[in-house]
Amino acid sequence: AILDGSNGKPPPVLAARFPNPVFPFEFELTELDLTGEGASKSAATSISSYWWEDQDLILSGRWDMDGTAATRGPTDLVGRGLVGSRRSTVDLQMGGRGLTGKFVT
């Protein structure tokens with residue numbers, strides 16, 4: 001998702017599902033993981049650039065215990081981190097949902 005300073009929940013530009021991860025878990029997001037919002041090319045720059053490439057991104061994740069993405073359970077683990085436009089890695093710490101967990105993912 002884009003960190004654009006708005007108070008609304010920004011749309012995801014990349015999304016992926018990883019069944020049965022073993023932690024610590026390393027992953028990479030590629031063009032195959034682009035969402036409709038993320039796949040749009042920038043008209044202002046070269047045709048190969050995405051409009052969000054120079055933006056800071058919010059990386060959020062959820063380990064869904066029941067395997068159904070549409071549900072949010074109290075035992076799901078969630079995490080959120082900021083990926084700067086010049087960084088390629090981030091350490092996403094997962095924890096219990098807590099009081100604010102439903103707003104994180």
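Strands here are DSSP runs of E with at least two residues, numbered from the N terminus. The views below show a predicted model.

**View 1. The whole protein chain, with one helix and three strands.** Along the sequence, the elements of the protein chain follow the pattern β-β-β-α. The protein chain has 105 residues, and 27% of them count as buried. Its exposed area is about 7,600 Å², of which carbon and sulfur atoms supply 55%. Among contacts in the protein chain with a separation of 6 or more, 40% come from residues 24 or more positions apart.

**View 2. The open sheet of three strands.** The strand order is 1-2-3, and the pairing is antiparallel. The edges are taken by strand 1 (57–63) and strand 3 (95–96); each has a single partner strand, so one side of each is left without a neighbour in the sheet. In general, strands of a sheet pair through backbone hydrogen bonds. Strand 2 covers residues 77–83 and pairs with strand 1 over seven bridges, in the antiparallel sense. Within this pairing, Ser60 stands opposite Arg80, a residue of strand 2.

**View 3. The salt bridges around Arg62.** The structure holds two salt bridges. In one, the side chain of Arg62 meets that of Asp64, with an N to O distance of 2.2 Å. In the other, Arg62 is joined to Asp76, and the closest N and O atoms are 3.3 Å apart. Arg62 belongs to strand 1 and Asp76 to the loop between strand 1 and strand 2, so this pair ties together parts that are 14 residues apart in sequence. Through shared partners, the salt bridges join Arg62, Asp64 and Asp76 into one network.

**View 4. Accessibility of the residues in the salt-bridge network, Arg62, Asp64 and Asp76.** The cut-off for a buried residue is under 20% relative accessible area. Asp76 has a relative accessible area of 2% and is therefore buried. Asp64 is buried as well, with a value of 14%. Arg62, the partner of Asp64, has a relative accessible area of 23% and is therefore partly exposed.

**View 5. Asp33, a buried acidic residue without a salt bridge.** Asp33 lies in the segment before strand 1. The nearest side chain of opposite charge is that of Arg17, 11 Å away from Asp33. A salt bridge requires a side-chain nitrogen of Lys or Arg within 4 Å of a carboxyl oxygen of Asp or Glu. When residues up to four places away in sequence are not counted, Asp33 touches Val13, Leu14, Ala15, Ala16 and Glu28.

**View 6. Thr30 and Ala16 in space.** Ala16, one of the residues touched by Asp33, is also shown here with Thr30. The C-alpha atoms of Thr30 and Ala16 are 9.5 Å apart, and the two residues are 14 residues apart in sequence. Thr30 is located in the segment before strand 1. The relative accessibility of Thr30 is 34%, so Thr30 counts as partly exposed.

**View 7. The cis peptide bond between Phe23 and Pro24.** The omega angle of this bond is about 0°. Pro24 is found in the segment before strand 1. Phe23 also takes part in the nonpolar surface patch of View 8.

**View 8. A nonpolar patch on the surface.** The patch is formed by Phe18, Phe23, Phe25, Phe27, Trp63, Met65 and Met94, which together have about 590 Å² of accessible area. Phe27 has its place in the segment before strand 1. With 36% relative accessibility, Phe27 counts as partly exposed. The residues of a patch must have over 30% relative accessible area.

**View 9. Asn20 and its backbone angle.** Asn20 is not a glycine, although its phi is positive, at about 55°. The segment before strand 1 contains Asn20. Asn20 has a relative accessibility of 72% and so counts as exposed.

Terms used: Residues are numbered from 1 along each chain as its sequence is written. This is a predicted model: local features need pLDDT of at least 70, side-chain atom pairs count only at pLDDT 80 or more; totals for chains, interfaces and linings use all residues. Side-chain values use heavy atoms; hydrogens and water are left out. Two strands pair if DSSP finds at least two bridges between them. Helices (H or I, at least four residues) and strands (E, at least two) are DSSP runs, numbered from the N terminus. Patches are made of residues with over 30% relative accessible area and no salt bridge: like charges are joined within 9 Å, nonpolar side chains (Val, Leu, Ile, Met, Phe, Trp, Tyr) within 5 Å. Accessible areas come from the Shrake-Rupley method with a 1.4 Å probe; for residues, only the protein chains shown count as cover. Buried means under 20% relative accessible area, exposed over 50%, partly exposed in between (1.4 Å probe, protein chains only). Contact means heavy atoms within 4.5 Å. Lys and Arg count as positive and Asp and Glu as negative; His and the chain ends are not counted.
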